[in-house]
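Visitor: Please pick one spot in this model and walk me round it slowly. After that, show me how the rest of the chain fits in with it.

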Amino acid sequence: MKKERYLLLILLILIWQGVSSLHWVPRYKLASPVEIILGFIELIKVGVPPGHLLHHHVIYSLYRVALGYGVAALLAIPLGLLMGWFPRLRGMVNPIIEVVRPIPPLAWIPIAILWFGIGIKSAAFIIFLGAFFPILLNTIAGVLSINPILIEAARTLHAKEKDVFYKVLLPGSIPYIFVGMRIGLGVGWMTLVAAEFTGVREGFGLGYMIMTARDIQRPDEILAGMLVIGLIGLLINAGLRATESRALRWR
């Protein structure tokens, strides 16, 4: 069964290579899989721009993601727990959230540049906006999903409010929190690349690398960069799933 999972992917790659080899699609529009692999090797050895090697781009992008995503999680999880626990607070904050949430993170790029300039801070702010709301809303949903009978049972056993919060509410919300964290990470990763399209002061970043490859008309390196982004996102998501499995062993 595991081998069958990759049959379609392998078939599509072979068809793609065949179409490219027959020159049915111009090379300047779509590089072949073999050319993408060669472009990937060149990104590692030479870099884009020359001297700016792939691993440096990856490190800078991961740093921006860690900064924006970390702040988003640190703020969204406690706020979501409190909003789910206190209906009055939820009623006060909800209108603000519902006004700001529909605004795409990319629409904030001009404001981010005005506030923070071109650099890590503006990119981290865009990532923060992309990750904050999925984490917040899923955390609130996790609190509201807890069976009220469990809360009443804890209170019947004379549990204090803080014990109800930490021993009933928080553990019951963890699955929803992890779902929000995975969604927020995906959105934050996408917004990072778009934020780097606008320019980076350090000259490093996967989005910046892809835009530079576009400027020099290297579709092989563009697609190689896109592949790197996808693989890193896959690995991060797998790490979050593994962490979730460990955190939920008690279930």
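Guide: Let's start at W108, which sits in the loop between α4 and α5, the helix of residues 109–116. Keep in mind that this is a predicted model. Who does W108 touch, once its neighbours within four places in sequence are set aside? The list is V100, I103, W115, F125, I126 and L129. To get a feel for distance, pick out R182: it is 74 residues away from W108 along the chain, and their C-alpha atoms are separated by 22 Å.

Now step back along the chain into α4, which runs over residues 87–100. This helix has 14 residues, and from its first C-alpha to its last it reaches 20 Å, close to the 20 Å expected at 1.5 Å a residue. There is still a kink to look for: α4 bends by about 35 degrees at V93, with a proline, P95, following within four residues. V93 is also one of the buried residues of α4, together with R90 and I97. Here's a handy rule for reading a list like that. An α-helix has 3.6 residues a turn, so residues three or four places apart point the same way. As for what covers those buried residues of α4, the cover includes α3 (54–85) and α6 (120–144).

Let's follow α3, since it gives us a residue to zoom in on. S61 is in helix α3, and it counts as buried because its relative accessibility is 0%, where the cut-off for buried is under 20%. Which residues does S61 meet, leaving aside those within four places in sequence? They are W189, L192, E196, G205 and L206. Another pairing shows the chain folding back on itself: S61 and V193 are 132 residues apart in sequence, yet their C-alpha atoms are 8.1 Å apart in space.

That takes us towards α8 (residues 161–197), where a second serine, S173, has its place. S173 counts as buried too, because its relative accessibility is 0%. Not counting residues up to four places away in sequence, S173 touches L81, G142, V143 and I146. It also has T139 as a company of sorts: the two are 34 residues apart in sequence and 6.5 Å apart in space, C-alpha to C-alpha.

Hold on to I146, one of the contacts of S173, as it is also touched by I151. I151 belongs to helix α7 (residues 148–156). Buried or exposed? I151 is buried, because its relative accessible area is 14%. Besides I146, I151 touches W85, V164 and V168, again not counting residues up to four places away. From I151 to E161 is ten residues in sequence and 9.7 Å in space, C-alpha to C-alpha.

Loops are worth a look as well. P49 lies in the loop between α2 (33–45) and α3, and the peptide bond leading from V48 into P49 is cis, with omega near -10 degrees. In the loop between α1 (7–21) and α2 you'll find H23. H23 has a positive phi of about 60 degrees, although it isn't a glycine, and it counts as exposed because its relative accessibility is 60%. Then there's Q217, in the loop between α9 (206–215) and α10 (219–247). Its phi is near 60 degrees, positive in a residue other than glycine, and Q217 counts as exposed because its relative accessibility is 68%.

Finally, zoom right out. The protein chain has ten helices and zero strands, and its C-alpha atoms fill a box of roughly 75 × 50 × 30 Å along the principal axes. Of its 251 residues, 43% are buried. Remember S61 and V193, 132 residues apart in sequence? Among contacts with a separation of 6 or more, 73% join residues 24 or more positions apart. On the outside, the chain exposes about 14700 Å², and carbon and sulfur atoms supply 71% of that. It carries 23 positive and 13 negative charges, whose mean positions are 6 Å apart.

How values were computed
Residues numbered from 1 in each chain as written. Predicted model: local features only at pLDDT ≥ 70, side-chain atom pairs only at ≥ 80, totals over all residues. Heavy atoms only, no water. Helix = DSSP H or I, 4+ residues; strand = E, 2+ residues; numbered from the N terminus. Expected span 1.5 Å × (residues − 1). Bend = angle between axes of the 7 residues up to and from the residue. Buried < 20%, exposed > 50% of the residue type's maximum accessible area, 1.4 Å probe, protein only. Contact = heavy atoms within 4.5 Å. Areas by Shrake-Rupley, 256 points an atom, 1.4 Å probe, with all protein chains shown as cover. Lys, Arg positive; Asp, Glu negative; His and termini not counted. Charge placed at Lys NZ, Arg CZ, Asp CG, Glu CD.
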